[in-house]
Amino acid sequence: MIDTHMHVVPGADDGAADMAQAIAVAKAAAEAGTTSAIAIIHATGPECPDRATASALLSALQAELRCRGLELALTLGYEVDMLWACTLEVDDLLEYSVGEDRRVLILEAPHVGWPRGSEELVFRLRLQGVIPVLAHPERNPHIQSRPDVLGALVRQGAVAQITAPSVMGAFGGTARRAALRHLLRGEVALLASDAHYHRRERSNLRGAVARLRQIMPNASVELLVGRNASLLLNGVAPKPVAGPRGVSSVRARLRSLAW
């Protein structure tokens with residue numbers, strides 16, 4: 001499996017305070033079947049760690065993992081606050097892209113509110129050939145109550161990335177229902193862990209995939225952490241996974257499972 005969103009860079013943000021915590025996050029991911037991941041750092045303003053600093057921290061972690069025999073390939077990336085991103089030029093945003101090819105930018109959906117400039121931001125990025133990934137939109141109250149907002153951004157070229165903790169109910173029933181609703185609508189392309197040290201046990205991709213397979217047996221949910229994630233790492237925009245056949249029966253199944 002490929003995890004397209006893991007907070008594992010030691011001392012860079014709230015994901016792992018130090019090397020010990022970073023190793024614990026990486027170990028949990030590897031034991032759950034993750035073979036490669038995008039190592040994410042929060043970027044809420046210019047005070048976040050610059051690329052050289054972040055790269056040095058990540059290199060030190062990778063050396064420690066090799067010494068411990070943990071096989072987990074890590075690619076540096078940032079999770080850019082959408083509100084801040086709307087104020088920046090595309091050339092400035094590319095400093096926070098995934099890897100070195102500057103083709104993928106992960107945007108953090110806000111926890112409250114929604115930026116009025118979101119559609120313009122996606123348009124500007126796509127115009128420059130950049131793939132905008134919307135991280136955990138299912139947790140945002142605006143998206144929860146107005147699902148067509150996310151649908152419009154996906155049709156415009158954004159990539160929706162839901163997270164394992166939402167699927168497993170760690171952020172409550174509303175976030176979980178929103179995640180599943182957008183899957184059923186055929187608007188989600190990626191499933192990621194959004195792993196932090198303090199919630200690494202609730203960020204198990206294998207468990208989330210198994211849960212989705214249980215309730216959506218006709219959908220190719222493995223694509224969310226397999227081929228689609230691989231395409232993204234190679235700078236190609238993955239298409240959303242098609243919703244399952246017989247949506248009404250799936251909804252009945254969700255109700256029977258108290259989802």
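Let me start with one residue: Glu31 is found in helix α1. Before going further, note that this is a predicted model.

Is Glu31 buried or exposed? Its relative accessibility is 52%, and exposed means over 50%, so Glu31 counts as exposed. For a sense of distance, take Leu76, which lies 45 residues from Glu31 along the chain. The C-alpha atoms of Glu31 and Leu76 are separated by 21 Å.

Now to the helix itself. Helix α1 covers residues 19-31, and helix α2 covers residues 51-67. Two packed helices are described by the angle between their axes and the distance between the axes. For α1 and α2, the axes come within 10 Å and cross at roughly 60°. The two helices are therefore oblique to each other. As for handedness, α1 passes α2 in a right-handed crossing.

Which residues make the contact? On the α1 side they are Met19, Ala22, Ile23 and Ala26, and on the α2 side Ala60, Leu61, Glu64 and Leu65. Sorted by class, this contact of α1 with α2 holds seven nonpolar residues, one charged residue and no polar ones.

Next, the nonpolar cores. The largest one has 49 residues. Which of its members touch the most other members? They are Val8, Leu74, Val80 and Leu107. Helix α1 comes up again here, since the largest share of this core, five residues, comes from α1.

Look at Val8 in particular. Setting aside neighbours within four places in sequence, Val8 is in contact with Ala16, Ala22, Val25, Ala26, Ala39, Ile40, Leu61 and Leu74. Three of those names have been on the list before: Ala22 and Ala26 of α1, and Leu61 of α2, also take part in the contact between the helices.

Apart from the largest core lies another one, of 20 residues. Its members include Ala164, Leu180, Val188 and Leu224.

Last, a second helix pair. Helix α5 is residues 118-127 and helix α7 is residues 147-156. Their axes come within 10 Å and cross at roughly 15°. Angles under 35 degrees count as roughly parallel, and α5 and α7 are therefore roughly parallel to each other. Here too the crossing is right-handed, with α5 passing α7.

The α5 residues in this contact are Ser118, Glu119, Val122, Phe123 and Arg126. From α7 come Ala152, Leu153 and Gln156. By class, the contact of α5 with α7 divides into four nonpolar, two polar and two charged residues.

Technical notes: Residues are numbered from 1 along each chain as its sequence is written. This is a predicted model: local features need pLDDT of at least 70, side-chain atom pairs count only at pLDDT 80 or more; totals for chains, interfaces and linings use all residues. Side-chain values use heavy atoms; hydrogens and water are left out. Axes are lines fitted to C-alpha atoms, for helices over the stretch in contact, and angles run from 0 to 180 degrees between N-to-C directions. Helices (H or I, at least four residues) and strands (E, at least two) are DSSP runs, numbered from the N terminus. Angles under 35 degrees count as roughly parallel, over 145 as roughly antiparallel, 65 to 115 as roughly perpendicular and the rest as oblique. A crossing is left-handed if the near helix is turned anticlockwise from the far one by less than a right angle, and right-handed if clockwise. Contact means heavy atoms within 4.5 Å. Ala, Val, Leu, Ile, Met, Phe, Trp, Tyr, Cys and Pro count as nonpolar, Asp, Glu, Lys and Arg as charged, and the others, Gly among them, as polar. A nonpolar core is a set of buried Ala, Val, Leu, Ile, Met, Phe, Trp, Tyr and Cys residues joined through side-chain atoms within 4.5 Å. Buried means under 20% relative accessible area, exposed over 50%, partly exposed in between (1.4 Å probe, protein chains only).
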